[in-house]
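Trainee: I should like to work through this model with you, beginning with the chain as a whole and ending with a single loop residue.

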Amino acid sequence: MTKSLSQDVQDVQDAARSRRALGFPRLARCLVSLTIALLAVGAVASSGAAQDGALIGQVTNANGMPLPGAEVRVGSVDGVAVTGNDGVFRVSGVPSGLYYFGVRQLGYHPIAQMLTYDGSDTLRVTLERVTATKELDTLKVQAQEDARWERTMRRYDIALSAARSGNVVTGEDIDQRNPVWTSDLFQTMPGFLVVGSGGGAQVVGSRDRCSPAVYLDGLYSPGTRVNDVAPQFIDLLVSYSSSATVPAEFQDIRANADCGTVAIFTL
C-alpha cells in the first residue's frame, strides 16, 4: 500500500526525535562513514565530462577500491544509474541547484545525501561494508538499512519540494559555515533579523518584528524557536519571508505567516 504524504512526514518527525534522543547527526552520516568530496577534473571526470547536467562520480569501498554494480539514484531524475567496473557513474539530466541522491550496493550500508549542484561537480562516495557475527544477522541488517534508505529518499523528495520557493541552507552549507547557533544562519537571511546573541537570540521577521512560524520535519511546532534545534542536526533549512511564497504544506491555521515561516528538516 502506498503511504500518504502525511504518513511520510510523520515518519520524518518520529525518526528525527529518535536520532536527537540518541545524539545522532544527519541521517546519511549516522548510517555510514560517508565521504563526499569535489574532485578535480581528472581520472574520474575523464570518463565523461559533466555536460548537459550530467552528474558524474565514483563509488569505492573504505579501502579505496572501486565498487561496480552500485545503484545510484538522483531525485527528480528518472531511472537508475549503475556503476561500471571502475566504480564510475554518470547520471544525465540533473538540474543545477539543490538535489538529493542515494547510493546502495549489496553488502554495504546505503547512503543518501542532499547537495547543491552547479553543473560541474563530480563526487567520490565511500560505502562502508555491513558486518555482523552471523550471515543471517548481516542479511537482517542489510534489509533494515535498505528499507530506511527508501524512506529517506522519499523524505528528501518532500524536503526538495519545500525548498522550491524559499531561501535554502543545506547541511553542506552549515558544515562550511560552522555556526555555533542556528540563529547565526539568519544573520544574512533575507526578510529576517536576529535580536540578541548566543543561545538566547531571537529570530524575527524584519517587517513586523514577530517570531516566524517554525515547522520541524514537516509539522507545525508552535512555541519552537530556531535555536531549539542545534545546527549540526539540520540537514536542510528553508525560510520564507513572505506568506505569498509559503507552500501549502506549511500553511497551518494556527500559524502567523506574516511573521515569516521557517521549515527545518533534521532528516
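**From the whole chain to one loop**

Mentor: In this predicted model, 46% of the 267 residues of the protein chain count as buried. The chain holds four helices and 15 strands, and about 12,600 Å² is exposed, with carbon and sulfur atoms supplying 50% of that area.

Trainee: Which helix or strand gives the most residues to the largest nonpolar core?

Mentor: The largest nonpolar core has 22 residues. Elements that give two or more residues to this core include strand 6 (97–104), strand 7 (111–117), strand 14 (236–240) and helix 3 (135–162). The greatest contribution, six residues, comes from helix 3.

Trainee: Which residues of helix 3 does Met-114 touch?

Mentor: Met-114 is one of the residues that touch the most other members of the largest core. Beyond four places in sequence, its contacts include Leu-98, Tyr-99, Tyr-100, Asp-235 and Leu-236. Helix 3 spans 135–162, and the contacts of Met-114 within that range are Tyr-156, Ala-159 and Leu-160.

Trainee: Is Pro-68 buried, partly exposed or exposed?

Mentor: Pro-68 lies in the loop between strand 2 (55–60) and strand 3 (71–74). Leaving aside neighbours within four places in sequence, Pro-68 contacts Thr-83, Gly-84, Asn-85 and Gln-105. Buried requires under 20% relative accessible area and exposed over 50%; because its value is 38%, Pro-68 is partly exposed.

Trainee: What distance separates the C-alpha atoms of Pro-68 and Val-88?

Mentor: Along the chain, Pro-68 and Val-88 are 20 residues apart. The separation of their C-alpha atoms is 7.8 Å.

Conventions:
Residues are numbered from 1 along each chain as its sequence is written. This is a predicted model: local features need pLDDT of at least 70, side-chain atom pairs count only at pLDDT 80 or more; totals for chains, interfaces and linings use all residues. Side-chain values use heavy atoms; hydrogens and water are left out. A nonpolar core is a set of buried Ala, Val, Leu, Ile, Met, Phe, Trp, Tyr and Cys residues joined through side-chain atoms within 4.5 Å. Buried means under 20% relative accessible area, exposed over 50%, partly exposed in between (1.4 Å probe, protein chains only). Contact means heavy atoms within 4.5 Å. Accessible areas come from the Shrake-Rupley method with a 1.4 Å probe; for residues, only the protein chains shown count as cover.
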